[in-house]
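Hi,

Here is the structure I said I would pass on. Have a look at it first, and then read on for what turned up when I went through it.

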Amino acid sequence: MTKILEAKNLHVIRGGSLLVDVPAMTIFEGETLSLIGPNGAGKTTLLQALSYLTKPSAGQVLFRGQAVGEAQPELEYRRRLAMVFQEPLLFDTTVFGNVASGLKIRGIGGAEARRIAESQLERFGIAHLRDRSAKTLSGGEAQRASLARAFAVSPEILFLDEPFAALDPPTRESIVSDLEKVLAETKTTTIMATHDRNEALRLSDRIAVMEGGRIAQIDRPAVILNRPVDEFVASFVGTETVLYGRIRENRRGTLAAVVNGTEIEAVGDALPGEEVVLCIRPENVTLAMGRGEAATSARNTFTGRIERIVPMGPYQRVHLDCGFPLVAYVTSQSLEGMGLIEDLQVAASVKATAIHVIRQGRRPAGTH
């Protein structure tokens, strides 16, 4: 894979506070990388530093191996990028005029500019708005115009800063779907800041989870989801059950961990006496009406009482008390078919291979 952008010892300091601290980061040509994390994690600040909208306080940004601001002039670098913000920044002209504006700045005009702009209007489904004033557009239409303008200049890197956060769900879904297709078609290198993990999972080749201005973990979506490096990453990417226990035994990679007096089997390389965190995703928990009915290959089957049921669109989130908290997802159809209600006793099963183990280290017996 070809490196297109690198950050080395990148710091952004404002008002005496260190907002971004990234020792090393690489973006590969053609990939989509999402920066996710809670508000204040530093996603937008890092995006601005990488795009040189904010000059880093220390460190380097390298574009195709050349340091920006040194061998690579800042203005020349920025002209090879495009950026779309949460609030569309459109000129007071027509939709066509906005989409063509970047081409004009780059010295492309006449029939060529018209051809490119009109193709992007078609691509993002706003050709019928060609002659409409940008001031009259809805939020979704304005964001489509912003995306069309960005892709019109064929950027070498596209930066997206929470581009869909202000949109209603149906509009958001429609635009994300279109963007997904365009990224697949163009293979445009894209860096997107978002707090929506589902959006990131859908669009990204890799995800960087940020906390406190630092990158806690960067990897492929499947790794981030199933092998988080710590409790913060686990909880942020949807691991609903995070348990703290101690290893009683390691049987050639099959661990017996004790959590609140209950033994749970998992797969890992922790040592006896070592404290661990067990991460269980809700989709990996299977519910049945009784321990005897739980026909499953899972070694872990627990009796639990349903504490509450939370609707989540087509799914229901079921919170259980098994002597430790456990969360499962079931479909609405399964909820109704099984007659699941609060206070009902059920059997909950999870395979040892579906439990991710984070090692915490050894502590003397009797200490916590």
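Ten helices and 20 strands make up the secondary structure of the chain. Keep in mind that this is a predicted model. The chain's mean pLDDT is 93, with 96% of residues at 70 or more. The part to treat with care is 363-368, where pLDDT drops below 50; in the model that stretch still has nine contacts beyond its near neighbours in sequence.

On overall dimensions, the C-alpha trace spans about 75 × 50 × 40 Å along its principal axes. Of the 368 residues, 49% are buried. If you take the contacts with a separation of 6 or more, 67% of them join residues that sit 24 or more positions apart. The exposed surface comes to about 17,200 Å², and carbon and sulfur atoms supply 49% of that. As for charge, there are 42 positive and 43 negative ones, and the mean positions of the two sets lie 4 Å apart.

Next, the cysteines. How many disulfides does a search of the whole structure find? Zero. Cys279 and Cys322 show why: the cysteine sulfur closest to that of Cys279 belongs to Cys322, and at 17 Å it is too far away for a bond. Looking from the other end, Cys322 has its closest cysteine sulfur in Cys279, again at 17 Å and too far. For a disulfide to be counted, the two sulfurs would have to be within 2.5 Å. Both side chains are tucked away as well: Cys279 counts as buried because its relative accessibility is 3%, and Cys322 is buried too, at 9%.

Now some backbone oddities. Most residues other than glycine have a negative phi, so the following ones are worth a click. Lys187 has a positive phi of about 55° without being a glycine. You will find Lys187 in the loop that links α6 (169-186) to β8 (189-194). Asp343 is another non-glycine with a positive phi, here about 80°, and its loop runs between α10 (332-338) and β19 (345-350). Are these two buried or exposed? Lys187 has 55% relative accessibility, so it counts as exposed, and Asp343 does too, at 53%. The cut-off for exposed is over 50%.

Tyr52 also takes a positive phi, about 65°, and it comes just after α1. That helix, residues 43-51, is mostly covered, with eight of its nine residues buried. The buried set includes Lys43 and Gln48 along with Leu46, Leu47 and Leu50. Thr45, Ala49 and Ser51 are buried in α1 as well.

One more polar residue to look at is Gln120, which sits in helix α4 (residues 110-123). What does Gln120 touch, leaving aside residues up to four places away in sequence? Its contacts there are Val99, Ala148, Phe151 and Ala152. With a relative accessible area of 6%, Gln120 is buried; the limit for that is under 20%.

If you only have a few minutes, I would start with Gln120 and its contacts with Val99, Ala148, Phe151 and Ala152, then go to the loops that hold Lys187 and Asp343.

Cheers

How values were computed:
Residues are numbered from 1 along each chain as its sequence is written. Side-chain values use heavy atoms; hydrogens and water are left out. pLDDT is the predictor's confidence in each residue, from 0 to 100. Contact means heavy atoms within 4.5 Å. Helices (H or I, at least four residues) and strands (E, at least two) are DSSP runs, numbered from the N terminus. Buried means under 20% relative accessible area, exposed over 50%, partly exposed in between (1.4 Å probe, protein chains only). Accessible areas come from the Shrake-Rupley method with a 1.4 Å probe; for residues, only the protein chains shown count as cover. Lys and Arg count as positive and Asp and Glu as negative; His and the chain ends are not counted. The place of a charge is taken as NZ of Lys, CZ of Arg, CG of Asp or CD of Glu.
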